[in-house]
Amino acid sequence: MDISIKDTPAPRTPPTSETPEDKRAARGVTRFGDRVFLGLSRGSGIFLLVLMAAIAVFLSYRAALAISKDEANFFTTFEWNPTGVPPVFGIAVLAFGTVVSSVIAMAIAVPVAVGIALFITHYAPRKLGGPIAYVVDLLAAVPSIVYGLWGILVLVPQLDGLYGWLNDYFGWTGILDWQGGAPRSMLTVGILLAIMILPIITNVSREVFRQVPRMHEEAALALGATRWEVIRMAVLPFGRSGVISASMLGLGRALGETMAVAMVLSSSFEINLSLLDPGGGTFAQNIASKFSEATEMGRDALIASGLVLFVITLLVNGAARMIIARRKEFSGANA
């Protein structure tokens, strides 16, 4: 007997019409307030890019006017005389001083700031950690001119002993050789900048360390790790990107600091091998001290040096972003 089985057609689903609200919901924008916020956020980002481009164009234009009249090499000349006949100026001393003072500040501030942040978040009891964090926040609010006054009136007179000790034990290196005189050198500037950027790095690092998943720390403790091993294996890898970001914020302030450096440094257009000898200068300090009495040519020359500082800052931030992007997969943030 031949039995044939007929395929029963699948039930049809009635066609649905997508409304504009459904389409907006699929894109994640469902409410009027969300659309307004999206537009404001997008506009803010575009405005920031336009503003950065406008600053770059202005600096480049004025710098080109000055460099075209410079009779010396702008990058290697150890002289600053844009009002001379012919005008002669260069940024060799300023670039050296800016980089050296910032490196000294970072070498001092970053380890201390990370140590303070770890102490507040993982070692100090809450009754002690709270007041310490409050004091650090207050340091971040101190104006630069106050740091400069403190540096010239308190810090500089107290550094004679440190400079003498460094000269006695490390003067043979040449880098820490001291010939006497007021300690208004690159090392003094670096110490002052380290104190100024310490609160910024500490605050950001502290908040990053507080975001470490509690389960990571408890798992390490359950395996028998000590407190330091927990920090080394769980806390620091998780917060590495945040510490780098905090360091870049501090470095940005160190690169652009003006009044405090101008008040402490005995500036001159020469590069000394020793960090303890007076002399040198930075981009921001030179602009702050010379802009008020500069002629039009002098202002263009100062703007040209500002363009170099602008480029250095962009390169530093770009390098930091690359480091963070390369290391974020090794942190605990994605665990």
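The following conversation concerns a predicted model, its helices, two buried residues and a cavity.

Biologist: What should I know about the model before we begin?

Modeller: It is predicted, so local features need pLDDT of at least 70 and side-chain atom pairs count only at pLDDT 80 or more, while totals for chains, interfaces and linings use all residues. Residues are numbered from 1 along each chain as its sequence is written, and side-chain values use heavy atoms, with hydrogens and water left out.

Biologist: Where does Gly250 lie?

Modeller: Gly250 belongs to helix α9, residues 227–256. Helices here are DSSP runs of H or I with at least four residues, strands are runs of E with at least two, and both are numbered from the N terminus.

Biologist: Is Gly250 buried or exposed?

Modeller: Gly250 is buried, because its relative accessible area is 0%. Buried means under 20%, exposed over 50%, and partly exposed in between, with a 1.4 Å probe and protein chains only.

Biologist: Which residues does Gly250 touch?

Modeller: Ile197, Ile200 and Ile201, not counting residues up to four places away in sequence; contact means heavy atoms within 4.5 Å. Gly250 and Val110 are also 8.8 Å apart, C-alpha to C-alpha, although 140 residues separate them in sequence.

Biologist: Back to α9. Where does it bend?

Modeller: At Arg240, by about 55°; the bend is the angle between axes fitted to the seven residues ending there and the seven starting there. The end C-alpha atoms of α9 span only 38 Å, whereas a straight helix of 30 residues would span 44 Å at 1.5 Å a residue. That expected span is 1.5 Å times one less than the number of residues.

Biologist: Changing topic, how many cavities of 30 Å³ or more are there?

Modeller: One. The largest cavity holds about 80 Å³ of space. A cavity is a set of points on a 1 Å grid over the protein atoms alone where a 1.4 Å probe fits but cannot get out, and lining residues have an atom within 4 Å of a point. Points are joined across faces, edges and corners, and the volume is the space filled by probe spheres set on them.

Biologist: Which helix supplies the largest share of its lining?

Modeller: Helix α3, residues 92–123, with three residues. The lining also includes Met186, Leu275 and Asp277.

Biologist: And what surrounds Ser185?

Modeller: Ser185 sits in the loop between α6 and α7 and counts as buried because its relative accessibility is 0%. Its contacts beyond four places in sequence include Tyr163, Leu275 and Asp277.

Key
On a 1 Å grid over the protein atoms alone, a cavity is a set of points where a 1.4 Å probe fits but cannot get out, and a pocket is an open set with protein on both sides within 12 Å along at least five of seven lines; lining residues have an atom within 4 Å of a point.
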